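Hi there,

Here is the structure I promised to pass along. Have a look at it first, and my notes follow underneath.

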Amino acid sequence: MKRAVQLYGVLTILFLLVGFFQSWSVALATLNLCLISAIMALGVNIQWGYAGLFNAGIMGFAAIGGVVALLVGHAPVWGAIEQGGAGIALSFVVLAIGVVAAAILFRCLKGVLKYTLPAPMLVVSFVLFRQFFVPARQAIEAYDPAASGFMGGLGLPILFSWPLAGLAGAGVAFLIGKVALGLRSDYLAIATLGISEIIVAMVKNENWLTRGVKNATGLPQPVPDGRLLQQQTWLIDLVTWMNRSYLEALSATEQTAALRLLVAEASSIIVKLAFAGLFAAVLAGLLALCVFALKSPWGRMIRAIRDNEIAAGAMGKDVAWRHLQILMLGSAVVGIAGAMLVTLDGQLTPAAYIPLRYTFLIWVMVIVGGSGSNVGSVFGAFLIWFVWVQSEPIGYWLVKMTTFWMNDTSPIRTHLLEQAQYFRVLMMGTILLLVLRFHPQGFLPERPRRNRQSRSVGE
Amino acid sequence: MDNLLNGLVLFLNFVVVPATSYGAQLALGALGVNLIFGVLRFSNFAHGDTMAFGTMLTILGTWALQSAGFSLGFLPTALAALPLGIAGTILFCLAADRLVYAHYRRQKAAPVVFMMASMGVMFILNGVVRIVIGPNERNFADGERFLVTAQQFKDATGLLEGVTIRTSQALTLAVAVLAVLALFLFLQRTRTGAAMRAFSDNETLALLCGVSPKVVIRTTWIIAATLMTVAGVLYGLDKSFRPFTYFQILLPIFAAAIVGGFGRPVGAIIGGFIVAFSEIALTYAYRKVVLYFLPGSDMGDSLLQLVPTDYKFSISFVILVVILIIAPTGILKAKSSS
């Protein structure tokens, strides 16, 4: 406990330093992403720390959450729905009927028929699906392509999307887990890696649904609008009062200009603070749930399964079902975080989903923080995201220092300066390997040390 | 008759020829994955990025040779720089093994911990490759571009459609066949090869019989690094070099390895071709081929493309899922070392 307080104290000091020496806006922006990353890390920790499941597709689950946020929050584009909404709905009904019928046949039939009947059935339903789907999609994408070209969403308050994103993440995890769990541990990793690539490809290319790489902007915000805030007299008064000594020193014209800048900054800080409050509430809730769950009989069972699957199975625990449950729970949490991220951005940016940032960085957070430890994962997320943000300037500085003897026009130096941003990738890899090797229990280890030992040493 | 031939030639040109060279590249990659899996017993997530690393070294060597005015005539210069790339990758793999994986072997850690460590190695390679050569596309193929151009083929046969065979494609096949032959001869005919097979079949028994784990593991890394570099360079020559695609190719390679059964060299080759042929055959637009076979058939504007190219990864994935459902040990029954 003492260690946790100390480490979080260090984090607080780091944020305060950024606030004082860089700007409060930067500090809060970093904090918001730290909070979201912490939720993702919690989700990964549920899978890896509680059950030893390797999910290499965190990016995909975050993207699902993002799409759900879009589909719930964005205003519907009625014109596009009139053009192709019915066709899209019809096509998916056809596909669903075909898939369900094939699944039933697959379950009921035996022998050769088990494979020979459902397969052509799937093909036929897919062809029929395309028959309705393709014209509908074209119609939707042709509708005002410069501004929309997609169906939009339900136009509901975007906060609704957070729990729904959790459900969607759990649903996809269920499908993956059904196929890949219970086999070798590698298969789950490979299957999740695959599904995440596919999900991101869909988010990028299914323009009728997500507007693809044209980015769907204009999502509603669950917090006060910054621009409206700037016109509030109480805010202007407050800013004037807080900066009175600075403003008094200026002339009248300078005063209005300076005041405008200050008010704009203050409003952006208020918006970010509101987001931070929301995110912190979600994180606190989830963290509390995780801590209680791990202490409960359920948590003991889960840890027992992790530490010795065979023994737990012999005691009558349904290992396969518990693993599936864990995979779904963790993915749900990641999905929620994905929806929160899109809510914060106010837009869905499909091109931003890269595995390095959304899958492997989260892994580093969990390992560094302490796998199996909820408080540790959250700490790891804060620390690693902080380092990730701050290490870009460090990379430039390093390159500048190591190449100072070179000519300014030297091609090697200019090339290295261009690629300096990738030093942080190198640094993350090094941190991951060092922690894994010398401190595998992480900064804030899971409480009972003997469990940790037995697991890192072998099955 | 001519129509049929034209259709066939078209199919040959756009599906069979590219899928054959792509399949050979995947097979080489999957062979490496399988070797590491068989001997070291983990799925190497750094595989794609190690391929990128080896290719990068080869590209740097190629540039050096090119600026020195060296050329292999109609063959790409990269072939001369390949030994350099292989040597560098071997050194890297041996260093990574000593610094990273050896520790977990001593601890007898679970496979999943090795996988995690390989992710760290992947991160490092990812950074190194991007710092040295940048994230952008690099084309390093030179020499004679085509072995058979479409025009030559048309002139020779009098058909409307032509078959193009790029030097890189022919080279891929030749090098892959040579590499696979050498690998099989090594595994079957040499003492170290036999030791490797024994080690992968039953580690304890092999150790009892006096097989040196050091030698086996070192040899595995050397062979795997060679295969990775060769696969990476051939892929880069055939398409082009871009670090991110080398990460993405991990999925088809894993799919190929699983299709054939993890830890099975022959399976890796079959798996590589299955994945490559499905990927290219399903993403090809058949409109023109069908028009040749059934002239005058009405298809509307449809391109008759079963799967859009953007979703080519979903094909590897679907193959993977089907194999996991139907035959989780692969079509050739993988070793059940879990």
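How many helices and strands does the secondary structure of chain B come to? There are 14 helices and 2 strands in chain B. Please keep in mind that this is a predicted model.

On overall form, chain B has a radius of gyration of 21 Å, close to the 20 Å that the globule rule gives for 338 residues, so chain B is as compact as a globular protein of that length. Along the principal axes, its C-alpha atoms fill a box of roughly 70 × 55 × 40 Å. Of the 338 residues in chain B, 51% are buried. Counting the contacts in chain B with a separation of 6 or more, 75% are between residues 24 or more positions apart.

Next, the contact between the chains. Chain A and chain B each put 38 residues into it. On the side of chain B that touches chain A, the elements giving two or more residues are α3 (78-107), α4 (111-133), α11 (250-260) and α14 (312-326). Helix α4(B) provides the largest share of that side, with 15 residues. By residue type, the side of chain B that touches chain A splits into 24 nonpolar, 11 polar and 3 charged residues.

One residue to look up while you have the model open is B:Arg98, in helix α3 of chain B. Is B:Arg98 buried or exposed? B:Arg98 has 12 other C-beta atoms within 10 Å, and a residue with 12 or fewer counts as exposed, so B:Arg98 is exposed. In sequence, B:Arg98 and B:Arg218 are 120 residues apart, while their C-alpha atoms are 9.7 Å apart in space.

Happy browsing, and best wishes!

Conventions: Residues numbered from 1 in each chain as written. Chains lettered and ligands numbered in written order. Predicted model: local features only at pLDDT ≥ 70, side-chain atom pairs only at ≥ 80, totals over all residues. Contact = placed C-beta atoms within 7 Å. Helix = DSSP H or I, 4+ residues; strand = E, 2+ residues; numbered from the N terminus. Nonpolar A, V, L, I, M, F, W, Y, C, P; charged D, E, K, R; others polar. Rg over C-alpha atoms; globule rule 2.2 N^0.38 Å. Buried ≥ 20, exposed ≤ 12 C-beta atoms within 10 Å, placed from the backbone.
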